[in-house]
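Got a protein model open and not sure where to look? Let's walk through it together, one question at a time.

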Amino acid sequence: MTKLIDRLRRINDGLAVVAGLALLACVAFTIIEIIMRQLGASLGGTDEISGYVMAIATSWGICYALTALAHVRIDLLRTRLVPAGRAVLDLIAMLSLTATALVIAYRTWPVLSKSLQTGARSNTPLETPLWLPQTLWWIGWVWFAVSALLLSAAVLMYLLQGQNKKIDAIAGVRSEG
Amino acid sequence: MIAFTASGLLILLSLSIPVGIVLFLLAFGIDHFFSPFPLMRGLGQVVWSSSNSGTLVAIPLFVLLGEVLVRCGVARRTYEALDAWVSWLPGGLIHANVATATMFSATSGSSVATAATVATVATPQAEKLGYDPRLFSGAIAAGGTLGIMIPPSINLIVYGFLTESSIPQLFLAGLVPGLLLALLFMLVTAVLCMINPSLGGPGRHSSWSQKFAGLRDLAPILGLFAIVIGSIYAGWATPTEAAAVGVAIAILIALQLGKVSKAMIFDSLRGTMRTTAMIMLVVIGAYVLNFVLTAAGVSRALQELLQGLGLGPLATLMVIILLYIVLGFFIETLSLMVATIPIVVPIITQLGYDKIWFGVLMIILVEMALITPPVGLNLYVVQSARKSGSISDVMVGCIPYALAMLFMVAALIILPGLALYLPSTL
């Protein structure tokens, strides 16, 4: 299990770097767009593409933030508990997150499937086929649900084994922002 | 319904469920129990449209800008340069803490990052020079909060996105109150140190040649700020475009200092994604909750309840401010903002207050939340950089600065022009 979670971490780390590089590409596009505009021309659609990159980077990044323990939690009560109590709260947090992630993955599918069926294109000069960005975006949310399920399973297993330190390592709270 | 929402929010938060997830769960609950028709079918579309946004890209770009700058070591140079300029005041180096925090606020959109950066370079000096650790570290924690007030501010982008207000206007509205707050912090420091000189160190005098040598280190950051904010103000660039230019300049600065490497860039990208994703989960949750609250009529019910109390606009505003101060003891900035915006902002605008003005007011209130115990992120960030002493030193040291913030809140209510004059010239 520990190995599996380690691998999950590495995969999500890779997702974050790829999404970050896409953002850097947006920076380059935007600057080219500004320069072209001064010259009286325009690439067009930079804003639209940046929007897609943001949507995709968000769903991928949320997976990374999950394994990097970066999602904010209010740990006012949690810090006052004994380790076993903390482990139980971590389990509750992880289970609620998993349930929500499953709902999101399920409810975002119709957005993509509708674009696939109707071949919808964006209402802009680019006429982007919407399924293109939406597929990458949806994969991020599905992966978020998968990551959450794996982490929940691991937390549950460690809890039964009484390994509270391991729970803290994969599902605890880190206070630095 | 209101009781359900409020108690649900507090209980789920105190269980330490991630804040973004709490907002989703509340939305599910309200939809299930109170909505006449199922709203969750629209969830997918809401999630898509709340993250597919060319405006929100400004968030990761401003975060990245800060990440790159922090990694190229300009913090120490800036601190030394500002030390030469401001430390002759009573209170000595403490002024350099506030000034450096102000400077970094103007390039980074995050308060925690600002406090962390300044704390790392400043705290070793406090012990060496025998400063009172309380006021010294309090000034860093409080100065750091300016990060979300002085533009670019990520929190103001989030506020603008959720309330559909203009981000350039919000940025300009935050500029004067942010700088005034910084001056107020320095004034408080100087007065306290004149009353009790043992709080600060001796005034430090630097020669003019030292001062001008320092300017060379300040110039890149000042230039960066001028280009980013200036181009937004002049209408040449959208906030997103200005952020992209800012990132490019930051990378150029790092290149010139010889700090760019693959590891450095990748680390900056990871840090950026971590912060961005953390913010976005909360923002999407707030967007979904916003959608459900409006559709199920909770916002309207709350407005009617408040109107039923028969308070005037000013009294209602006072109640809301008090609410933020109390909640601020327990809930962190961004969470506090997004959880309350869907409920509070409609009430405020209905009372006849300006949305942009209230955005700035709310930022000062959540800045206070950053330095009020038991939950005040900046307190912990500064403490972890100090490596000795107790966290209660930092807490005590923050009190005068928290009072200065309250003063600023009052000033904004009496003189709304402090925030609204600059945006009106846009």
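What follows is a set of questions and answers about this predicted model.

Q: How many residues of chain A are in contact with chain B?
A: Start with where the two chains meet, and count a residue as in contact when heavy atoms come within 4.5 Å. On the chain B side there are 55 such residues. On the chain A side the number is 52.

Q: What percentage of the area buried between chain B and chain A comes from carbon and sulfur atoms?
A: The area buried between the two chains is about 4,700 Å². Ser16(B), Trp48(B) and Met273(B) supply 15% of what chain B buries against chain A, more than any other three residues. As for atom types, the share of the buried area given by carbon and sulfur is 78%.

Q: Which residue of chain A meets Glu241(B) in a salt bridge?
A: There are two salt bridges across the interface of chain B and chain A. In one of them, the side chain of Glu241(B) is 2.9 Å, N to O, from its partner. That partner is Arg37(A).

Q: Which element gives the largest share of the side of chain B that touches chain A?
A: Between the chains, nine residue pairs are in polar contact. Several helices of chain B give two or more residues to the side that touches chain A, among them α1 (2-14), α2 (19-34) and α13 (262-296). The largest share is 13 residues, and it comes from α13(B).

Q: How many charged residues does the side of chain B that touches chain A have?
A: Sort that side by class and you get 40 nonpolar residues. Another ten are polar. The charged residues number five.

Q: Is α3(B) largely enclosed or exposed?
A: Look at how many of its residues are buried, which here means under 20% relative accessible area. The buried ones are Leu43(B), Gly44(B), Val46(B), Val47(B), Trp48(B), Ser50(B) and Ser51(B). They pack against α2, α3 and α4 of chain A, together with α2, α9 and α13 of chain B. Because seven of the nine residues of α3(B) are buried, the rest of the structure leaves this helix largely enclosed.

Q: Which residue of chain B is in a cluster with Tyr52(A) and Trp137(A)?
A: Aromatic rings pair up in this model, with 16 aromatic pairs over all chains. Ring pairs link Tyr52(A) and Trp137(A) into a cluster with a residue of chain B. That residue is one of the buried residues of α3(B), namely Trp48(B).

Q: Is the aromatic pair of Trp141(A) and Phe144(A) stacked or edge-to-face?
A: Both residues are in helix α4 of chain A, three residues apart, about one turn of the helix. Both are buried too. Their ring centres are 5.9 Å apart with 75° between the planes. Since planes over 60 degrees apart get this label, the pair is edge-to-face.

Q: What is the angle between the planes of Tyr131(B) and Phe136(B)?
A: Tyr131(B) and Phe136(B) are both buried. Their rings form a tilted pair, 5.3 Å centre to centre. The angle between the planes is 50°.

Q: What is the relative accessible area of Ser16(B)?
A: You'll find Ser16(B) in the loop between α1 and α2 of chain B. Its phi is positive, about 65°, although Ser16(B) is not a glycine. Ser16(B) is also buried, with a relative accessible area of 0%.

Q: What is the phi of Leu69(A) near?
A: Leu69(A) sits in the loop between α2 (46-67) and α3 (83-118) of chain A. Leu69(A) is buried, at 11% relative accessible area. Its phi is positive in a residue other than glycine, near 55°.

Q: Is the peptide bond from Pro151(B) to Pro152(B) cis or trans?
A: Pro152(B) is in the loop between α8 (133-144) and α9 (154-163) of chain B. The omega of the bond leading to it is near -5°. That bond is cis.

Q: Which backbone oxygen does the side chain of Thr372(B) reach?
A: Thr372(B) is in the loop between α17 (355-371) and α18 (377-386) of chain B, and it is buried at 10% relative accessible area. Further along the chain, its C-alpha atom is 8.0 Å from that of Cys398(B). The side chain of Thr372(B) reaches, at 3.5 Å, the backbone oxygen of Ala369(B).

Technical notes:
Residues numbered from 1 in each chain as written. Chains lettered and ligands numbered in written order. Predicted model: local features only at pLDDT ≥ 70, side-chain atom pairs only at ≥ 80, totals over all residues. Heavy atoms only, no water. Buried area = accessible area lost by both parts, 1.4 Å probe. Salt bridge = Lys/Arg side-chain N within 4 Å of Asp/Glu carboxyl O. Polar contact = N/O pair within 3.5 Å; in protein donor to acceptor, adjacent residues only side chain to side chain. Helix = DSSP H or I, 4+ residues; strand = E, 2+ residues; numbered from the N terminus. Nonpolar A, V, L, I, M, F, W, Y, C, P; charged D, E, K, R; others polar. Buried < 20%, exposed > 50% of the residue type's maximum accessible area, 1.4 Å probe, protein only. Phe/Tyr/Trp six-rings, centres within 6.5 Å; stacked < 30°, edge-to-face > 60°.
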